[in-house]
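Colleague: Could you take me through one part of this model up close? I'd like to hear about the place where the two chains meet, and then about a helix pair.

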Amino acid sequence: MPENSSKTPGRLSSLIRWELEKTFTFPTLAIIIAVVLYITVPASFGGSRGPSQMPSLVEMERSFASSWTSALSHNVSTSFMYSVFIFAALASNSLSRDMSRGYMRVLLSYPIGRTKFFLSKILVLLFVPFFIFMCCLLFVAALVFPGLFLHMPPSSVAYMMVVMLVQTFFILAISLSASLYIKQPVMSFLASVVTLIAMDQISFYLSAPYKYLLPTMGTRILMDYHFYPSRFEFQYTSGDLLMSLFGMVIVPAVILIVNLVYFKRRFQT
Amino acid sequence: MRNKVIKVGYLAIIVAVMVAFTRAFVTDSQPATVGSHFEIPPNSQSIEITIWNTRTVRVIIDVSPATSRISVYLLDEEGIKLLHDEERLQPAFSLEDVDGCDFTYQPTYRGIYAFIIQNNSNQTAKISQRVIHQGLEWDILQFSGVLAIIGVAMSLLPRLPYPKKPKSSHT
């Protein structure tokens, strides 16, 4: 039986640091950065305006910066396919590999709270790739149009980050579940990739309210809600948005809670 | 610390290579064409504000009827500021009293440019405009080059055999 986490000396911060150093070693980190740059750097934007009077330069910069942020938001939904491979590899490397090689048995023999241990994995595997992705996106924003970067509306950038976090949260929940139950790195990687790609493809063929439960249609509706309000009013209903929030936030949260309970109470190495 | 500097150097090289190959070179083989059609009333003008990167731009403007005469002014950010604040026209490139044009322009920076097309004739001019972007993004290549040099320096310099300081002996 796992010990009560409140009595264990294993601090969450130490576990996070350990997980960080174990998972994000040099080749893994370099590959993730290279892949994310490959996705984000070609982001293009070519806007034009036809005003009757010459507006001030600041007005133009604000207007173009807002459109540039919308253009960058497309990268979030298009990054889904690459994110699937990144998260599946990370989850299977972090969880299934530890189980198949017996590291998990050794680790859990130490006085470490299982809840803290599992939470440290979730926090590291969720926030580090998300942080890399957002840094790359902001780097591209500054690299491609440095004059517009400082005029990008902070609320839109923050919203884009939140939607990105929601999408990565969904991918992580599925990948972590596959790794936890399959316990074999290659098989769990393949299972995560196949499941997530199948979900993505199914989302295109389902009927209207249900297809927004899954990415990437769920991600698109969240983006359109903020960046293209006229399109949102024309194409979607508020029920579609709620369906998207349910599928992209509540379902993965429930999956992770179930996994946490399973890991804490039932999991045997 | 030494190993961390070397690893950051490697990451800088990876970033430089990825940025150069996914942006500066790839776009060279993808000429982007933007077309538009619009009308300008007699003795009037049209303003078009665009955003360009540093790829070479070819602008083709056809006017009909052929008897129409137009003047084309291309304004950079400084020109836009001058026109808005002081109502002074200082174009980066201009062609006056022509019946169409086909010119190539190398933007000096990434950012906002404005086109002013004046219809000098007493009849409505129908404008057909094409803007074709092609070439390398030299500023990205320069940036990647600098980043790669920094990366190489960071990955090589810590490997040099530095002479150790002799221990001071206190007698």
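Modeller: Here is the chain contact, followed by the helix pair.

Keep in mind that this is a predicted model. Let's begin with the meeting of the chains: 26 residues of chain B are in contact with 25 residues of chain A. On the chain B side, at least two residues each come from α1 (2–25), β2 (45–52), α2 (77–86) and β7 (111–119). Helix α1(B) gives the largest share of that side, with nine residues. Sort the chain B residues that touch chain A by class and you get 15 nonpolar, five polar and six charged.

Strand β2(B) deserves a second look, since two bridges join it to strand β1 (residues 48–49) of chain A. The two strands run antiparallel, and A:Ser48 stands opposite B:Thr50 of β2(B).

Now for the helix pair, which sits within chain A: helix α3 (residues 57–78) and helix α11 (residues 217–227). Their axes come within 9 Å and cross at roughly 165°, so α3(A) and α11(A) are roughly antiparallel to each other. The crossing of α3(A) and α11(A) is right-handed. From α3(A), the residues making the contact are A:Ser70, A:Ser73, A:Val76 and A:Ser77; from α11(A), they are A:Thr219, A:Arg220, A:Met223 and A:Phe227. By class, this contact between α3(A) and α11(A) has three nonpolar, four polar and one charged residues.

How values were computed: Residues are numbered from 1 along each chain as its sequence is written. Chains are lettered from A and ligands numbered from 1 in the order in which they are written. This is a predicted model: local features need pLDDT of at least 70, side-chain atom pairs count only at pLDDT 80 or more; totals for chains, interfaces and linings use all residues. Axes are lines fitted to C-alpha atoms, for helices over the stretch in contact, and angles run from 0 to 180 degrees between N-to-C directions. Helices (H or I, at least four residues) and strands (E, at least two) are DSSP runs, numbered from the N terminus. Angles under 35 degrees count as roughly parallel, over 145 as roughly antiparallel, 65 to 115 as roughly perpendicular and the rest as oblique. A crossing is left-handed if the near helix is turned anticlockwise from the far one by less than a right angle, and right-handed if clockwise. Two residues are in contact if their C-beta atoms, placed from the backbone, lie within 7 Å. Ala, Val, Leu, Ile, Met, Phe, Trp, Tyr, Cys and Pro count as nonpolar, Asp, Glu, Lys and Arg as charged, and the others, Gly among them, as polar. Two strands pair if DSSP finds at least two bridges between them.
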